[in-house]
Amino acid sequence: MAKTKETAYFDSGKEVSDFSVVEDSGKIGYLVKIGILAGQGAVKENRALGLPNTFVKDGSVFAEDANGESKVIAKLELNPKRSGHKKGAILHVKAR
């Protein structure tokens, strides 16, 4: 089985075949761009196939049909868990 080499172009214009190079460079904006474009493509593809798109807005989960009608399918309960520790606190761990 032959390996296929997928490549992408980085901000510097050089060819990249391994995204770890992008991650290590500190230019995460490139990966964010890829994620946004992938999401937009998925939404368009779902609409073309007549599938619903699901998204979260204002604490509710919505399903939007291909014709643009959206309905609430779930309400989210947001309860942020607090550890009780303050920023910069020193934690002591006992050895076993």
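Visitor: How much surface does the protein chain expose, and what share do carbon and sulfur atoms supply?
Guide: The protein chain exposes about 8,800 Å², and carbon and sulfur atoms supply 55% of that. Accessible areas here come from the Shrake-Rupley method with a 1.4 Å probe, and for residues only the protein chains shown count as cover. This is a predicted model, where local features need pLDDT of at least 70, side-chain atom pairs count only at pLDDT 80 or more, and totals for chains, interfaces and linings use all residues. Residues are numbered from 1 along each chain as its sequence is written, and side-chain values use heavy atoms, with hydrogens and water left out.

Visitor: OK, and what fraction of the residues is buried?
Guide: Buried residues are 11% of the 96 in the protein chain. Buried means under 20% relative accessible area, exposed means over 50%, and partly exposed is in between (1.4 Å probe, protein chains only).

Visitor: Which helices and strands do we get, and in what pattern?
Guide: The protein chain has 2 helices and 5 strands, running β-β-α-α-β-β-β along the sequence. These are DSSP runs numbered from the N terminus: helices are H or I with at least four residues, strands are E with at least two.

Visitor: What about contacts between residues at least 24 apart?
Guide: They make up 0% of the contacts between residues at least 6 apart in sequence. A contact means heavy atoms within 4.5 Å.

Visitor: Let's talk sheets. What is the strand order in the open one?
Guide: The open sheet of 3 strands goes β3-β4-β5, with antiparallel pairing. β3 (53-57) and β5 (70-75) are at the edges with a single partner strand each, so one side of each has no neighbour in the sheet. Two strands pair if DSSP finds at least two bridges between them.

Visitor: How many bridges join β3 and β4?
Guide: β3 and β4 (residues 60-64) pair over 5 bridges, and β4 and β5 also pair over 5 bridges. Val-56 stands opposite Val-61 in β4, while Ala-74 in β5 is a bridge partner of Val-61.

Visitor: Is β4 mostly covered or uncovered?
Guide: Mostly covered, with 5 of its 5 residues buried. Ser-60, Phe-62 and Glu-64 point one way, and Val-61 and Ala-63 point the other. That fits the usual picture: in a regular strand the side chains alternate between the two faces of the sheet.

Visitor: And the turns? Which residue in the β3 and β4 hairpin has a positive phi?
Guide: Asp-58, with a phi of about 55 degrees, in a hairpin with 2 residues between the strands. Asp-58 is not a glycine, and most residues other than glycine have a negative phi. Asp-58 is exposed, because its relative accessible area is 74%. In the hairpin of β4 and β5, with 5 residues between the strands, Gly-68 takes a positive phi near 100 degrees.

Visitor: Switching to aromatics: how many pairs are there?
Guide: There is 1 aromatic pair. Phe-55 and Phe-62 have ring centres 5.4 Å apart and planes at 15 degrees, so the pair is stacked. Rings of Phe, Tyr and Trp (its six-membered ring) pair if their centres lie within 6.5 Å; planes under 30 degrees apart count as stacked, over 60 as edge-to-face and the rest as tilted.

Visitor: Is Phe-62 buried or exposed?
Guide: Phe-62 counts as buried because its relative accessibility is 17%, whereas Phe-55, at 30%, counts as partly exposed.
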